[in-house]
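Here is a short report on one protein chain. Keep the model open while reading.

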Amino acid sequence: MKVNGELLILLEKISLLEFLQRNGYAPEKIAVELNGEIIPRSRYVSVILTDADNLEIVSFVGGG
């Protein structure tokens, strides 16, 4: 699996939400693209990741 261009070995299928939580991402502060498709936050729990997936995670940054 690729995460933000970096190869990562995924040993088991896991929900997107669980993956994000295990890796320290705050779901309310990010946007996720999975295999070229933007995933709505409401689907994070039902989307299951596999080792063949390509995941891009973008954090929102505030400032002024």
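Asn4 sits in the loop that joins strand E1 (2–3) to strand E2 (6–7). This is a predicted model. Asn4 is not a glycine, yet its phi is positive, at about 50 degrees. Its relative accessibility is 36%, so Asn4 counts as partly exposed.

Asn35 lies in another stretch, the loop between E4 and strand E5 (37–39). Asn35 is not a glycine either, and it has a positive phi of about 50 degrees. With a relative accessible area of 47%, Asn35 is partly exposed.

**The whole chain**

How many helices and strands does the protein chain have? The count is one helix and seven strands. Along the sequence their order is β-β-β-α-β-β-β-β. The radius of gyration is 12 Å, close to the 11 Å that the globule rule gives for 64 residues, so the protein chain is as compact as a globular protein of that length. Along the principal axes, the C-alpha atoms fill a box of roughly 40 × 25 × 20 Å.

Of the 64 residues, 30% count as buried. The protein chain exposes about 4300 Å², and carbon and sulfur atoms supply 53% of that area. Contacts can also be sorted by sequence separation. Among those with a separation of 6 or more, 58% come from residues 24 or more positions apart. The charges number 6 positive and 9 negative, and their mean positions are 4 Å apart.

**Asp53**

Asp53 belongs to the loop between strand E6 (48–49) and strand E7 (54–59). Is this residue buried or exposed? Asp53 counts as buried because its relative accessibility is 10%, and the cut-off for buried is under 20%. Leaving out residues up to four places away in sequence, Asp53 touches Met1, Lys2, Leu34, Asn35 and Ile48. Asn35, one of these partners, is the loop residue with the positive phi.

Which backbone atom lies 2.7 Å from a polar atom of the Asp53 side chain? It is the backbone nitrogen of Thr50. Glu37 is 16 residues from Asp53 in sequence, and their C-alpha atoms are 11 Å apart in space.

**Ser15 and Glu33**

Ser15 is placed in strand E3 (residues 14–15). Its relative accessible area is 13%, so Ser15 is buried. Beyond residues up to four places away in sequence, Ser15 touches Tyr44, Val45, Val47, Ile48 and Leu49. Ile48 is thus named for Ser15 and also for Asp53.

Glu33 is found in strand E4 (residues 30–34). Glu33 counts as partly exposed because its relative accessibility is 31%. Again leaving out residues up to four places away in sequence, the contacts of Glu33 are Ile38, Asn54, Leu55 and Glu56. Arg22 is eleven residues from Glu33 along the chain, and 18 Å separates their C-alpha atoms.

**Accessibility at a glance**

The table gathers the five residues described above.

| Residue | Relative accessibility | Class |
|---|---|---|
| Asp53 | 10% | buried |
| Ser15 | 13% | buried |
| Glu33 | 31% | partly exposed |
| Asn4 | 36% | partly exposed |
| Asn35 | 47% | partly exposed |

Technical notes:
Residues numbered from 1 in each chain as written. Predicted model: local features only at pLDDT ≥ 70, side-chain atom pairs only at ≥ 80, totals over all residues. Heavy atoms only, no water. Helix = DSSP H or I, 4+ residues; strand = E, 2+ residues; numbered from the N terminus. Buried < 20%, exposed > 50% of the residue type's maximum accessible area, 1.4 Å probe, protein only. Contact = heavy atoms within 4.5 Å. Polar contact = N/O pair within 3.5 Å; in protein donor to acceptor, adjacent residues only side chain to side chain. Rg over C-alpha atoms; globule rule 2.2 N^0.38 Å. Areas by Shrake-Rupley, 256 points an atom, 1.4 Å probe, with all protein chains shown as cover. Lys, Arg positive; Asp, Glu negative; His and termini not counted. Charge placed at Lys NZ, Arg CZ, Asp CG, Glu CD.
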